[in-house]
Amino acid sequence: MLRSLVGSEMCIRDRYGTHKKITCDGCGTEPIVGYRWRCRGCKNHDLCDMCFEQVKAGVLPQLASQQRLNPVSAKLEDHEFFCYAENGAFQSMAKQGASGGPTAKQAKKLKPNDPCSCNSGKKFKKCCQK
């Protein structure tokens, strides 16, 4: 089996995004969107999430056209994949909030015909909007 098969739950959230000018060697998708899985032993062997799922199932996906462009071993045990993001070729899709969690709900914006928030009984446009 594989020497080390890092599960997607081990992949850092900041590495989820668009990997520009990177082609998946399994299906030929360019750019890779999502997590990028790179082989530690090969000079240039990258997989997208869908192809990595096939690797976890025991199949190494390879297109014949990709094999000619980037020859890599067809033996599954020769590969050790890890989650990778390269500076310059990567654009994160993760939210960059302070807490890293879901965004806080904004306060409702007053519209001109809403009752004024000062409790005068007038419309906002005739009272405090001026």
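# Why do we call it that?

Buried residues make up 31% of the 130 residues in this chain, and the model is a predicted one.

User: What is the chain built from, in helices and strands?

Analyst: There are two helices and six strands. Starting at the N terminus, the elements go β-β-β-β-α-α-β-β.

User: Why is the pair Asp46 and Arg36 called a salt bridge?

Analyst: The cut-off for a side-chain nitrogen of Lys or Arg and a carboxyl oxygen of Asp or Glu is within 4 Å. For Asp46 and Arg36 the N to O distance is 3.1 Å, so the pair passes. The structure holds five salt bridges.

User: What makes that pair a link between separate parts of the chain?

Analyst: Look at where the two partners sit. Asp46 is in strand E4 (residues 46-47), while Arg36 is in the loop between strand E2 (32-34) and strand E3 (37-39). Those parts are 10 residues apart in sequence, so the salt bridge ties them together.

User: How do you know whether Asp46 and Arg36 are buried or exposed?

Analyst: Buried means under 20% relative accessible area. Asp46 comes in at 3% and Arg36 at 1%, so both count as buried.

User: Which other salt bridge does Arg36 form, and why does it qualify?

Analyst: Arg36 also pairs with Glu86, with the closest N and O atoms 3.3 Å apart. That is within 4 Å, so it qualifies. Glu86 lies in the loop between strand E5 (81-83) and strand E6 (90-92), and Arg36 in the loop between E2 and E3, so this pair ties together parts that are 50 residues apart in sequence.

User: Why is Glu86 called partly exposed?

Analyst: Its relative accessible area is 30%. Buried would need under 20% and exposed would need over 50%, so Glu86 lands in between and gets the label partly exposed.

User: What makes Glu80 and Arg40 a salt bridge, and where do they sit?

Analyst: Their side chains meet at 3.4 Å, N to O, which is within 4 Å, so the name fits. Glu80 is in the loop between helix H2 (64-69) and E5, and Arg40 is in the loop between E3 and E4, 40 residues apart.

User: Why do Glu80 and Arg40 get opposite labels, buried and exposed?

Analyst: Check each against its own cut-off. Glu80 has 18%, which is under 20%, so it is buried. Arg40 has 51%, which is over 50%, so it is exposed.

User: Which residues do salt bridges with shared partners join into one network?

Analyst: They are Arg36, Arg38, Asp46 and Glu86.

User: What makes E4 and E5 edge strands?

Analyst: Start with the sheet: it is open, has three strands in the order E4-E3-E5, and its pairing is antiparallel. E4 and E5 each pair on one side only, and that makes them the edges.

User: How do you know that E3 and E5 really pair?

Analyst: Pairing takes at least two bridges. E3 and E5 are joined by three bridges and run antiparallel, so they pair. One of the bridge partnerships is Cys39 with Phe81 in E5.

User: Which residues does Cys83 touch, and is Cys83 buried or exposed?

Analyst: Cys83 sits in strand E5. With a relative accessible area of 8%, it is under 20%, so Cys83 is buried. Setting aside neighbours within four places in sequence, Cys83 is in contact with Cys11, Arg15, Tyr35, Arg36 and Trp37.

User: How many disulfides does a search of the whole structure find?

Analyst: Zero. Cys51 is a good case to work through: the nearest cysteine sulfur, that of Cys24, is 3.6 Å away. A disulfide needs the sulfur atoms within 2.5 Å, so Cys51 is in none.

User: Why is Cys116 in no disulfide?

Analyst: For Cys116 the nearest cysteine sulfur is that of Cys128, 3.3 Å away. The cut-off is within 2.5 Å, so this pair fails too.

User: What makes Cys51 and Cys116 buried?

Analyst: Cys51 has a relative accessible area of 4% and Cys116 has 5%. Both values are under 20%, so both residues are buried.

Conventions. Residues are numbered from 1 along each chain as its sequence is written. This is a predicted model: local features need pLDDT of at least 70, side-chain atom pairs count only at pLDDT 80 or more; totals for chains, interfaces and linings use all residues. Side-chain values use heavy atoms; hydrogens and water are left out. Helices (H or I, at least four residues) and strands (E, at least two) are DSSP runs, numbered from the N terminus. Buried means under 20% relative accessible area, exposed over 50%, partly exposed in between (1.4 Å probe, protein chains only). Contact means heavy atoms within 4.5 Å.
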